[in-house]
Structures are given as structure tokens and as C-alpha cells.
Amino acid sequence: MLKFFKPAVHKPPVPAQEIDPLYRRLRWQIFIGIFAGYAAYYFVRKNFALAFPELSKQGFSNLELGFALSAISIAYGFSKFIMGSVSDRSNPRVFLPAGLILSAAIMLIMGFVPWATSSIAVMFALLFICGWFQGMGWPPCGRSIVHWWSHKERGRVVAVWNCAHNIGGGLPPLLALLAIWWFNDWKGVFYMPAFAAILVAILVWFLMRDTPQSCGLPPIEDYKNDYPPDYNHKNEKELSARAIFLQFVLPNKLLWLIAFANVFVYMLRYGILDWSPSYLQAAKHFTMDKSSWAYFFYEYAGIPGTLLCGAMSDKVFKGNRGATGVFFMTLVTMATVIYWLNPAGKPGIDMLCMIFIGFLIYGPVMLIGLHALELAPKKAAGTAAGFTGLFGYLGGSVIANIAIGYLVDKFGWDGAFYLLIGGSVLAIILLLIVMVQESRQKRVAAGRR
């Protein structure tokens with residue numbers, strides 16, 4: 001099976017006069033591939049949450065539905081970490097669309113096979129399988145970014161690429177509304193996004209390539225004359241999984257800190273997003289179409305927010321990812337408090353809060369992923385990103401799914417918001433520690449010069 005994903009072989013170098021035009025064309029082509037491909041992963045990742053209101057009518061409790069949804073996060077957390085290691089030694093042209101097609105296949109089963117939504121156990125099992133395939137999305141994108149864009153370019157590139165989360169995450173409710181209107185079938189929340197994902201996967205295969213060397217091009221560091229301080233041509237050598245873990249992941253203290261912060265960032269991100277259809281309909285008396293639009297606005301507000309966060313991280317905070325994260329997490333905590341305390345009957349304020357939370361939360365999500373890429377050599381980038389993702393999904397997203405379902409059933413929505421706001425404060429504290437550690441490391445490095 002791994003031979004199917006093995007990296008493409010290096011081709012003979014192209015003539016010098018062809019390097020620049022070929023690099024330019026392939027970089028645009030690959031960026032479109034990883035952007036569209038990763039956006040489509042979200043078509044078939046979080047659409048299950050849109051089915052909560054209909055499944056609740058069938059007698060399932062919030063705790064049961066939250067438990068079923070947690071299967072994606074549990075599997076995805078482990079898979080992103082493990083598949084990150086596999087992707088560091090795989091061809092993203094095959095790896096990325098393969099995971100997307102397999103994820104879509106599970107959603108087709110849930111949409112067309114009646115027994116697939118008959119019990120929590122069945123739904124948990126299917127969503128777990130889907131979550132495992134979902135782990136094949138981020139790592140090959142990270143591998144492509146570090147091979148095709150140099151260190152000085154990656155901040156802007158990752159900020160723009162990260163908007164794929166929002167493009168992809170915002171479309172499932174609209175695709176679901178289209179399916180419901182077209183087929184008068186609420187299970188369209190499963191199969192309509194799945195069909196769209198398969199079409200995108202085919203496009204991605206045509207667009208993607210492996211490393212520059214597989215296209216006869218020099219490494220990106222040579223092409224851009226942009227060499228990290230510790231770079232040498234040994235960095236182009238593929239690393240074993242053991243070397244990646246023991247040398248570049250496990251001893252990295254900053255990577256551990258941002259991984260723990262990621263738990264609470266993801267808890268807020270998915271705690272608000274996954275439960276918004278249920279919360280807005282149950283506590284704020286929204287109709288299904290209005291709660292779907294709120295879900296959509298939450299995701300798409302993240303696009304300008306992410307771009308602003310990336311720009312501020314580079315220009316205002318001078319590359320200090322921790323300080324930028326503290327700024328954005330403080331604001332998103334305030335917006336969450338307003339969203340919680342706003343009484344029913346004021347839908348405009350609720351909608352604005354969803355927009356502001358979406359605008360603010362995706363910046364810290366992007367920064368943690370970017371920071372992970374920067375804290376490891378490019379041949380270990382997928383594993384480093386998978387490590388932070390393991391914490392974000394296995395910790396934060398699972399807590400958001402199961403704990404919130406339990407708290408809502410037991411204590412009402414107030415209990416859920418106590419958890420979300422408390423976690424957000426802990427994220428701020430951890431990012432403050434990262435900010436201090438980064439400043440200390442910079443002073444030490446400056447003293448050695």
C-alpha cells in the first residue's frame with residue numbers, strides 16, 4: 001500500500017532558461033491543488049453536525065450525537081499524526097486526493113444506506129473511518145508548502161492557503177440546503193457534499209506534483225536564494241520516522257507548548273461551530289435556514305480574519321506567533337461571552353457574534369499550524385504539523401463534541417459556555433508562555449552573534 005504513495009523519482013535537471021517559468025507555473029498550479037483539495041476535505045468532515053436537529057427528532061440525545069461526532073476527531077487526531085509521518089515519505093499528488101475520495105465514500109454510505117444512521121454505534125464506526133481518511137489532508141499540503149515556497153514566503157502563503165478551511169467549511173450547509181430543496185431529503189447533508197468532494201479530488205490529481213526535484217527543478221532554497229540558518233543540502237534527504245520523532249519532534253519544547261494551546265483553540269473553534277445549529281435553534285429560536293446561514297458566515301468571516309492575522313503576525317508582531325495568538329484569542333473570548341449572554345429574540349447580535357468569532361478564531365488556528373512547520377526541518381514538516389493536530393483534535397475537538405453534549409443535557413447551555421470560555425483563557429496563558437520563550441530565545445541568539 002505504501003508503494004502506491006511513494007515519492008516521485010527525481011528527474012534530470014531542466015535547462016537553466018526553463019527553471020523560472022516552470023517554477024512559476026507549477027507553484028500556481030500546486031497552490032490551486034492544495035487549496036481546492038483541502039477545502040473539499042471540509043465538505044465531508046463537519047457536515048454530520050448539520051444533521052443534529054433531524055437526528056434529535058429521531059430520539060438521539062445531545063450527548064449521544066456529540067459522542068458520535070467525536071469519532072471523527074478521535075480518528076483524525078491519531079491519523080493526522082500518523083499520516084503526517086507517512087506523508088513525509090509519500091507523493092502528495094496521490095496522497096491528497098486518495099484520502100478525499102475515501103472520506104467522500106463514507107458520507108455517501110451515510111446518505112444512501114438507511115442502517116448507516118440507525119444507531120449511535122454504527123454512526124460512530126462510520127465517522128471514525130471517515131476521520132481516519134481525513135488525516136490524509138493536511139500533511140501532504142504542508143509537505144507541498146515547505147518544498148515549493150521558501151522560508152520568507154511561507155507566512156503569506158500559509159495565511160492565504162489556510163482560508164481553504166473556511167471556503168470548504170462554509171459550503172456544506174449551502175450544499176445541504178440545495179439538496180433539501182432539490183430532493184426534499186435531509187440526508188442530502190451527507191451525499192451532496194460528498195459528490196462535490198469527489199469532483200474536486202479528480203481535479204487535484206491533475207494539478208498536483210511532488211517535489212521540485214521530481215519535476216527537474218532545483219530545491220526551493222536554491223531557486224529563491226533563501227536559506228534557513230541551519231540549512232544544508234542534507235536537508236533534502238528523506239528522513240526515517242524514527243529520526244523525525246526522536247530528533248525534531250519529541251525534544252522540541254516550543255512544539256509541545258503550542259500543541260497544548262491547540263487543545264483549547266480547537267475546543268473553542270469546534271465548540272461554537274459544531275453546536276451552532278443546535279444552540280441557535282434550541283436556545284435562540286432560529287429556523288434551520290437561518291442557523292445554516294450563521295454557520296456559513298462563521299466560516300467565511302474567517303477568510304479576512306486569517307489574512308489580517310497573517311499580516312499582523314509578520315508586520316506588527318515581527319514574526320512573534322505567540323503574541324499574535326494572544327491578541328486574537330483575547331478578542332475571540334470577549335466575542336464568545338457576548339454570544340452566550342445575548343438573550344433570545346435578538347438574532348442580529350447572535351449573527352454578528354458568529355461572524356466575529358469566525359473572523360478571530362481562524363488566525364490562531366493558522367498560526368499554530370505555521371509555527372509547527374517552522375519549528376522542524378521541511379522533511380519533518382508533516383509530522384510536526386500532525387503532532388499539534390493530534391492535540392487539537394484528540395483533545396480540543398473531542399472535548400467540544402462529547403463534553404458539550406453532556407453539559408448541555410445536564411446543565412443547559414450555560415455549562416457549555418463555562419467550559420468554552422475557561423478553555424479560551426487557558427489558551428491565552430499558554431500562548432503568553434510561548435511569547436516569552438520566543439523572546440528569550442531571540443535574545444540568546446542575538447547574544448551569540
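These notebook entries record what I looked up in the structure, taken region by region.

**Entry 1. Starting point**

I note at the outset that this is a predicted model. Every value below was computed from that model.

**Entry 2. Arg27 and the second largest pocket**

I began with Arg27, which I located in helix α1, a helix that covers residues 16-41. Is Arg27 buried or exposed? Its relative accessible area is 12%, and Arg27 is therefore buried, the limit being under 20%. I then listed its contacts, leaving aside neighbours within four places in sequence, and found Trp148, Trp149, Glu153, Ile220 and Lys224.

Arg27 also appears in the lining of the second largest pocket, together with Asp20, Arg24, Trp28, Phe31, Trp149, Val157, Tyr223 and Lys224. I recorded a volume of about 230 Å³ for this pocket. Which elements supply at least two residues each to its lining? They are α1 and α10, the latter spanning residues 220-224. The largest share comes from α1, with 5 residues. By class, I entered 5 nonpolar and 4 charged residues for this lining, and no polar ones.

**Entry 3. Aromatic pairs**

I next turned to the aromatic rings. How many aromatic pairs does the structure hold? The count is 34. I looked up the pair of Tyr38 and Tyr42: the ring centres are 5.5 Å apart and the planes stand at 75°, so the pair is edge-to-face. Tyr38 is buried, with a relative accessible area of 1%, and Tyr42 is buried as well, at 2%.

Tyr279 and Trp413 form another edge-to-face pair, with 5.0 Å from centre to centre and 65° between the planes. This pair links distant parts of the chain, since Tyr279 belongs to helix α12 and Trp413 to helix α17 (residues 413-448), 134 residues apart. I noted that both Tyr279 and Trp413 are buried.

I found both residues again in one aromatic cluster, whose other members are Phe48, Phe52, Trp186, Phe190, Trp275, Tyr339, Trp340, Phe417 and Tyr418.

**Entry 4. Charges over rings**

Tyr339, a member of that cluster, has a charged neighbour. The charged end of Lys284 sits over the ring of Tyr339, 5.5 Å from the ring centre. I also looked up Arg93, which lies over the face of Trp205 at 4.1 Å from the centre of the ring.

**Entry 5. The second largest cavity**

I searched the whole structure for enclosed space and obtained 4 cavities of 30 Å³ or more. The second largest cavity has about 60 Å³ of space. Which residues line the second largest cavity? I listed Gly271, Ile272, Trp275, Ser276, Tyr279, Tyr339, Ile404, Trp413, Ala416, Phe417 and Leu420. The elements that give two or more residues to this lining are α12 and α17, and α12 gives the most, with 5 residues. I counted 9 nonpolar and 2 polar residues in the lining of this cavity, and no charged residue. The aromatic pair of Tyr279 and Trp413 therefore contributes both of its residues to this lining.

**Entry 6. The largest cavity**

The largest cavity has a volume of about 100 Å³. It is lined by 16 residues, of which Lys80, Trp138, Tyr266, Val365 and Gly369 are the closest to its centre. I found that α7 (154-161), α12, α15 (347-374) and α16 (381-411) each supply at least two of the lining residues. Of the elements, α15 gives the most, with 5 residues. The lining of the largest cavity divides into 9 nonpolar, 6 polar and 1 charged.

**Entry 7. Leu394**

I placed Leu394 in helix α16. Its relative accessibility is 28%, and Leu394 therefore counts as partly exposed. Apart from neighbours within four places in sequence, I found Leu394 in contact with Ser73, Ile74, Gly77, Phe78 and Gly389. I also looked up Val263: its C-alpha atom and that of Leu394 are separated by 8.0 Å, although the two residues are 131 apart along the chain.

**Entry 8. His285**

I closed with a backbone angle. Most residues other than glycine have a negative phi. His285 is not a glycine, yet I read a positive phi of about 60° for it. Where is His285 found? It is in the loop between α12 (253-282) and α13 (288-315). With a relative accessible area of 61%, His285 is exposed.

Conventions
Residues are numbered from 1 along each chain as its sequence is written. This is a predicted model: local features need pLDDT of at least 70, side-chain atom pairs count only at pLDDT 80 or more; totals for chains, interfaces and linings use all residues. Side-chain values use heavy atoms; hydrogens and water are left out. Helices (H or I, at least four residues) and strands (E, at least two) are DSSP runs, numbered from the N terminus. Buried means under 20% relative accessible area, exposed over 50%, partly exposed in between (1.4 Å probe, protein chains only). Contact means heavy atoms within 4.5 Å. Rings of Phe, Tyr and Trp (its six-membered ring) pair if their centres lie within 6.5 Å; planes under 30 degrees apart count as stacked, over 60 as edge-to-face and the rest as tilted. A charge sits over a ring if NZ of Lys or CZ of Arg is within 6 Å of the ring centre and within 35 degrees of the ring normal. On a 1 Å grid over the protein atoms alone, a cavity is a set of points where a 1.4 Å probe fits but cannot get out, and a pocket is an open set with protein on both sides within 12 Å along at least five of seven lines; lining residues have an atom within 4 Å of a point. Grid points are joined across faces, edges and corners, and a volume is the space filled by probe spheres set on the points. Ala, Val, Leu, Ile, Met, Phe, Trp, Tyr, Cys and Pro count as nonpolar, Asp, Glu, Lys and Arg as charged, and the others, Gly among them, as polar.
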